[in-house]
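Trainee: I would be grateful for a close look at a single part of this structure, namely the pockets and the ligand site. Please take me through that part in one connected account.

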Amino acid sequence: MSLAQQVDQDPVTVRAPAKVNLHLGVGAPRPDGYHPLATVYQAVGLYDDVSVYDADEWSVELVEPVDGVPLDGTNLAVRAGKALAEHHGVERAARILIAKGIPVAGGMAGGSADAAATLVALDRLWDLETTDDDLLAIAARLGSDVPFALVGGTATGLGRGEVVDAVPDRTELWWVVVLDDVGLSTPAVFQRYDELVPDAPAEPELPAPLLAALALGETEMLAEELHNDLWPAARDLLPDLLDVEGRLAAVGAEAVLLSGSGPTLLLLYTDADAARLAAGHVQELGFRCVVAPGPVAGAHVVTYG
Ligand code: C5P
């Protein structure tokens, strides 16, 4: 395809959300090195928009440059596109353009969102009509969090996080997402967890009280049940985190939670105005933050030719 055709072609654009883990239970490492998880995901309203165009070769670009996102074949979105083409036995390639709204290396699964969005976008661009089960299976091979980015809403995650099941959630939450300028490497946090918790269970269990709180829409109970096993490991790798938490205590959130492997911190509110007010306070303290509602939908098409 010529460059002129590429420029003329209308892209398919898919929006995919960030995730938080309302509960992250981590077990002892499996023989393949991954950790068994019992987690409860919630999709929150911070999004990456991924546009795909037919092209002669695979490429990935960012609308605005962001440090820490690889722009070669190791980018998870390119790997997703190639996996989908291979699944269908089609020899096609695409240019992938990503507008990032999800913090990079913040424990919010931005790379996984891009991969999920790319799967949905190319499926539509190339009229592949991939079944949901096949999309979820391809997503699971790409990364532990990719299936959830397809499903969205609120869901449990088992296995290494890739076995997702939607759960009833009657809450309407507002998160103040407090960003750290320093990222944390997910493998490093899991490794430190192994050092700190040598007797982790083989099979962590899903949190029944938290699931009940979600189903009932009981936010006070939910606030008490939020939990992240990786939090001590993140604090150990990034001692400043404890200091940040101490300073954020003055903001008066309904709960504070580490997002995934961190270092992003989440302040919980059940009222949008209270969350916006708190965000102003967080900024006055010198931190960057954004406000995001949850739960929101998984990867979905927003524009197509
Ligand atoms: O699955 P994904 O590629 O997103 O995982 C990134 C890294 O995080 C893995 O290479 C592994 O080090 C760690 N991880 C883990 N156990 C999980 C999920 C991720 O150890 N369940």
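Mentor: The lining of the largest pocket is a suitable place to begin: its residues divide into 18 nonpolar, 17 polar and seven charged. Please keep in mind throughout that this is a predicted model. The largest pocket has a volume of about 1,100 Å³. Its lining comprises 42 residues, and those closest to the centre of the pocket are A109, S112, D145, T186 and P187. Two or more lining residues come from each of the strands β1 (12–26) and β2 (37–55) and from each of the helices α2 (76–88), α3 (110–125), α4 (132–142) and α6. Helix α3 gives the largest share of this lining, with four residues.

The ligand belongs to this same part of the model, for the space it takes is the largest pocket. Around the ligand stand G33, Y34, H35, L37, G143, S144, R160, T186, P187 and F190. Sorted by class, this shell has four nonpolar residues, five polar residues and one charged residue. Helix α6, which spans residues 186–196, supplies the largest share of the shell, three residues. Two residues link the shell to the centre of the pocket: T186 and P187 surround the ligand, and T186 and P187 are also among the lining residues closest to the pocket centre.

Three polar approaches to the ligand can be described individually. One involves the side chain of S144, in which an N or O atom lies 2.5 Å from an oxygen atom of the ligand. Another involves the side chain of H35, where an N or O atom is 2.7 Å from an oxygen atom of the ligand. At R160 the partner belongs to the backbone: a polar backbone atom of R160 is 2.9 Å from a nitrogen atom of the ligand. As for cover, the ligand taken alone exposes 450 Å², and the protein buries 74% of that area.

An enclosed space should be considered together with this pocket. The count of cavities of 30 Å³ or more comes to one, and the volume of the largest cavity is about 40 Å³. P17, A18, K19, A109, S112, A113, D145, F148 and A149 line this cavity. The elements giving two or more residues to the cavity lining are β1, α3 and α5 (146–151). Strand β1 contributes the largest share, three residues. By class, the cavity lining has six nonpolar residues, one polar residue and two charged residues. The pocket and the cavity have lining residues in common: A109, S112 and D145 line the cavity, and A109, S112 and D145 are also among the residues closest to the centre of the largest pocket.

Of these shared residues, A109 deserves a further remark on its backbone. A109 lies in the loop between β4 (93–99) and α3. Its phi is near 65°, a positive value in a residue other than glycine. As background, most residues other than glycine have a negative phi.

For completeness, there is also a second largest pocket, which holds about 310 Å³ of space. Of its 17 lining residues, V66, I102, P103, V104 and R288 are the closest to its centre. The lining of this second pocket has eight nonpolar, four polar and five charged residues.

Two further details of the backbone may be added. A cis peptide bond, with omega about 5°, joins G262 and P263, and P263 lies in the loop between β9 (255–258) and β10 (265–269). The peptide bond from G294 to P295 is likewise cis, with omega near 0°. P295 is placed in the loop between β11 (288–294) and β12 (300–303).

Methods:
Residues numbered from 1 in each chain as written. Predicted model: local features only at pLDDT ≥ 70, side-chain atom pairs only at ≥ 80, totals over all residues. Heavy atoms only, no water. Near = heavy atom within 4 Å. Polar contact = N/O pair within 3.5 Å; in protein donor to acceptor, adjacent residues only side chain to side chain. Areas by Shrake-Rupley, 256 points an atom, 1.4 Å probe, with all protein chains shown as cover. 1 Å grid on protein atoms, 1.4 Å probe; cavity = no way out; pocket = protein on both sides within 12 Å on 5 of 7 lines; lining within 4 Å. Sits in = over half its atoms within 2 Å of the grid points. Nonpolar A, V, L, I, M, F, W, Y, C, P; charged D, E, K, R; others polar. Points joined across faces, edges and corners; volume = space filled by probe spheres on them.
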